[in-house]
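Reader: I am new to this structure and should like a close look at a single part of it. Please describe how one pair of helices packs together.

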Amino acid sequence: MAIHRTCDGVLRRDFLKLGALGTGGLSLSSYLRWTHAAPVQPKGARAAIFINLPGGPSHMDTFDPKPDAPSEYRGDFKAIKTSVPGIQISEHLPKLARCMDKYVILRGITHSLAAHKLGQEYVNTGNRPIPSLEFPGYGAVVSRELGGPGELPHNVAIPKNNQGGTGYLGVKYAALATGKTPTPGLPFSVRGMTLDGSLTISDVERRQMLLEDLDQRFSLIQEKNQLVEGLDRFTEQAYKIITSPKAKEAFDTSRESSSFAAQFGETKFGQSCLLATRLVEHGVPFVTISYGGWDTHRDNWNALKNKQLPPLDEGLSALFAGLEQKGLLDSTSVLVTGEFGRTPKINTTRNGRDHYARAMFMLMAGGGITGGRVVGETDDTASGPRHDGYSPDDVAATYYSLLGINPKKEYHTSTGRPVMIVRDGNPIRELLS
Amino acid sequence: MWAKEMKQIFERRFAGLLVALLALLFFSSQTVVAATSDSTAVVSRIDERFDSSQLEKGSHVPEFRQHVVPLLGRLGCNGRACHGSFQGQGGFQLSLFGYDFEADHRNLLEGDDPRVRVDDLDASLFLQKPLEQVDHEGGQRLKKGTWQYAVLKRWIEGGAKGVAAGDATFVRLDVTPHEIVARERGQTWQLKAVAVWSDGMQEDVTPLCRFRTNNDQVAEIDEHGFVTAKGPGDSHVVAFYDNGVVPVPVIFPVSKKTGPEYPEFETSTRIDELVVKKLRKLGEVPSGLCSDGEFLRRASLDITGTLPTVSETEAFLSDGSPNKRDTKIEELLERPGYAAWWATKLCDWTGNNDRNQPNNGPEQRLRASRFWYEWIHGKVAENQSYDKIVTGIVLARSRLDGESYEAYCERMSSYLSKEDNASFADQPFLPYFWTRQNFRKPEEQALGFAYTFLGVRIQCAQCHKHPFDQWTKDDFDRFKNFFTRVQYAGKGRTDGGNTKAYRDMLVALDIDLSDKDLKGNRLYKQLGQLAMNGKTVPFGEVVVSPPRAPIKAEKLAGIMAEMNSEKIKPKKKEQLERFLMGRTATVLGGKEMRLDEIEDPREILLAWMLEESNPYFSQSLVNRVWASYFNVGIIEPPDDLSLANPPSNPDLLNYLAEGFRRSGFDMKWLHREICKSDTYQRSWEPNATNLNDERNFGRAVARRIPAEVIYDAVRTATAGDREAMELCSLVEKRAIADTTVGSYNNNYALEIFGQSTRESNCDCDRSMEPSLLQTVFLQNDKEMLDAIGRRGSWLDEVTRTIPSFRDPAAKKIYLERTESIDNELAELKKRLENATKDGNKAAIKAIQKSMKAREASKKALDDSSFFPGSVAEWISENQRLVSEIIESAYLRTVVRHPTETEMNRSVAYLRQSPTAKDGIRDILWALLNTKEFALNH
């Protein structure tokens, strides 16, 4: 198969794919056996929402304010009180301040990859990127581990996936990208998902059986070739999605009551949150929302105040509230993160902040964790964690644990190489307590 | 953008290095393997010369460039996360990857509180920090009593000298062994790296090199250059030192069939010979040749971006002549699809994207991108040589020799005019390559140029030494000087540099210059309209500024000497650089050239590219074309020609690059050479030895068909015979000739199938990955279903001649529907009578209309030739026709005859279908949804 290439001049896999093939590589048939068996549901979360903020949001101007820092660090924004005594966040996140009890702020997450693509790969996979192997994104792992109703995609990206690829797990776990976000009040669907009215289910079923019988040319290499295997999987999955009214219904946000939908607002991000809530309610185990525009090298405060933060504030607070209203918050683990923070020291020539990986924030909610807390801490200028800090790997390990997935579980790549889901991290005990 | 990329590269590659270096320190000074001493002329390893017993003063003083900087690299000091960061770390900065010797030396010795204290060695933070005698955020990196400590200490004791003007320069790095062939897991080798300097000095620098493996599944390499074989495969280990990057191939055969044990067989072409030479080392036996059907489908898709028609396939399959494959290749290369598809590929590589064209010319909104495509298409169609095509792009300026601005505008307007038949494709140059908005600054031009014509990524070197190639920041800066004089003048540039002619022309068109609403888009839209109607309107143009007043050679020499001096102040250096900008430039890996007497500096660049010794020009094209045929390049990714990313088969690449040059850069030579080889015509069916190898061309690799090609393939496969023929010959309307990349109303299907976005100087702008959405599209998208059932489709054609036979169950439906229509008609008749009685004319008219419609539906039902028998009965009476139809469905999609099983299954399906048409539709649908259709195999 064509290996995904990056533009950064790095050769990803200069090799033959040789070795103990098939010993551990998950074949489609074993996958299907697995999903058809009743999966053991983990305690706590059954679904996950991953909110990716590509570009790297400033931690100091959002969830890690330092009102007492010197002026060359502090920035224009004030900190405000939240519903939880002692916790303060930016004044431009008033709604999230009011629902502080729903989520946890992780401060002083730290790493050293201050480049967008690498940082994105890191926070999307929970593994520090290395040249010889591409790690799978959360969505690929979760859809593989948790499965889900056959008639729904197991991994959806709104509107598309940034760096959360499927890595060594192969394309069959790739996210279905909606390509767009819902327009408030209008029916929403993903193109091609609805069955033509003139066909009956039995017609389509019969036709699908024909396809299966005629599509045998590559059966010889079916289990040895990721491309062939992935296409098989897509064929089966597409069929289930198309024939089920459930998929259509799951995507159609206009079927929500107007009072429920109203709280999400009309922004693209808010509508994405609404869609994510609905998809999870219908059984989609993993949804990614991408909301970019955070690379504020220039004009940081203006961009945050007028453009970036209001939709985040409205959409995210509605997501927490909406999940709770539907009784889904405890079973849905939400993780919000960019790829890094931004320089605590203001870049005065551009009135902005630059890439900064030594300190960043993340948010977690649902999935059984207790909200209303801050975990971790940065120093007085938010330049680094006060103590050891946590790494993206630790957060990943926590995220997986909440979903009942053992982060130390070993997969085998198509070359038979054993790799743990999260290679370096340990669940953050403080967060799970 | 560059900053990001560069950081990425660093971080990706060196993440592990820090850890390794820490480990190294704790290993103390013991090296793993004793040094070899096979050459007396070579200065021995520094870790031997500087072990702890030789610490006394007076011993050899290490050099800054040769020893200190590489050692800092090994200790991790100049890494991206440490002092190599662009802000430095803890107030101390080193150049990333340590190639700015001047700046590094300055940063170490200058300032209020220099890191290196020659007068007080022990007070030097340079030693105290890494020893962690004082607080060091990077932790302990150095221990007393080690050779590393001794080297740094002796350097300070010796005066902490930097690099002086006359110092020897780096010539090359020799690494032995040149190739590693493994026999078993766990086998080990020690690399030895010898640096050669311009004064003849040679030194074993193994302990100062950085090492990396390109695949740790095949071989691991530790920080000492100690290689361990891990498993079967084919990769490289790479040694880095100063500007040297040396990959050493590691081959671990996959079977016992190597050397004399390798089966003997004939190779047909030079390509086959070279491929098999490599396979023999690997113990891989190539697969056999593919079938005729597979060959025809593969070659048609690859060469012409088009599926063969049914009649063509039938003729080819039944052709008994032994040379039919070669003949077919020649035929395909003459087809319009060849020119269309390869023009599209060239548009990918040159970056033809509508969104990047200036929005302020009359050519806005897809005209410029169409011109671009048509220009390239014209050249490919007449098989103009690649160097000529490139010349037309590289030397492009808008005006012809001696052409006035007015004449230029008149000529351009004629290309837009509806009346005129003049074609932009006929003019000698393609200025649109230079008018792109992301190709205006010299930096952008340097990057884009290197990407397009050289397949080289020099992004990293924009800011620091390229970590995996020879390019330095200095190389980049001098290379980009070729471009400083090329500009896009949106309002033209007449003598004296003004835009008067432009304004005059607007006035002549009665355009009110004071109308504030009429500017930007609106103005240009109007100009475009006027040009279409035959008026002459003003255009922007690509111009090359005249050379600056030449400076005397002596003065230049003086400036160069000053620039290269160690003492020059950064500010002064900047000044001189500005002065030299546009006066001199350096081709990558070449010499400084004077530009100030040359009218167009790009001429030098072009001449350099076309030189026989140029390693990139021919290779990059050859490799990209190869990658189009084999899924991966000989160098992969195909647009990353760099030292640390060596070709999987250097002899093969050299042969093709050399042959391509000798052919006069004849692209058809290259296509022929590739397509006629056995290597191209191998089966995708693997054997035990080549199953896992997708990089050495021992078998065909099934791969998804590119976006435009699969889009067209669906149209051809579903088309009726006449339309299919048309689609093959009239390619203008086909997706393979799409000129709308970057427009805002892009084709959905092309987008989800990964058509190149042509945005980022990367071949990966085109995606060949499959996705669930693609499958959903093929199975159920309305566009897809409409293609199958549309008027004029094959389905329409074959089913028109057969009645819509229905099975007995349908009879009931038929009777029910006829009855219900009859009832409705009776009802309407009553209403008509009443309305007539009332004299209500409007009602009468409406009712009559309704009745007419009912009668029509009844007639349609009757015309559908309700057949009292079943589809099954019809099949048994028309067996021959049925098998012909199924044959045709197979030929038009997967380009082969169905097997007996497949035929039986299809007939059985048809037999159970409500109507023959439904059944045939579904069979075609199923074939379009097989992997065999979606993959080129």
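Author: The following account concerns one pair of helices and then two loop residues. This is a predicted model, in which local features need pLDDT of at least 70, side-chain atom pairs count only at pLDDT 80 or more, and totals for chains, interfaces and linings use all residues. Residues are numbered from 1 along each chain as its sequence is written, while chains are lettered from A and ligands numbered from 1 in the order in which they are written.

Two packed helices are described by the angle between their axes and the distance between the axes. In chain B, helix α13 (residues 386–394) and helix α22 (residues 602–610) have axes that come within 10 Å and cross at roughly 160°. Helices here are DSSP runs (H or I, at least four residues), numbered from the N terminus; axes are lines fitted to C-alpha atoms over the stretch in contact, with angles from 0 to 180 degrees between N-to-C directions. α13(B) is therefore roughly antiparallel to α22(B) (angles over 145 degrees count as such).

From α13(B), B:Asp387, B:Thr391 and B:Val394 meet B:Arg602, B:Leu605, B:Leu606 and B:Leu610 of α22(B), contact requiring C-beta atoms, placed from the backbone, within 7 Å. The residues of this contact comprise four nonpolar, one polar and two charged; Val and Leu count as nonpolar, Asp and Arg as charged, and Thr, among the others, as polar.

Elsewhere in chain B, B:Asp242 lies in the loop between β10 (233–241) and β11 (244–252). Its phi is positive, about 45°, although B:Asp242 is not a glycine. B:Asp242 is buried, with 25 other C-beta atoms within 10 Å (20 or more count as buried). B:Pro637, in the loop between α23 (617–630) and α24 (650–662) of chain B, follows a cis peptide bond from B:Glu636, with omega near -5°.

Notes. Helices (H or I, at least four residues) and strands (E, at least two) are DSSP runs, numbered from the N terminus. Angles under 35 degrees count as roughly parallel, over 145 as roughly antiparallel, 65 to 115 as roughly perpendicular and the rest as oblique. Two residues are in contact if their C-beta atoms, placed from the backbone, lie within 7 Å. A residue is buried if 20 or more other C-beta atoms lie within 10 Å of its own, exposed if 12 or fewer, and partly exposed in between; C-beta atoms are placed from the backbone.
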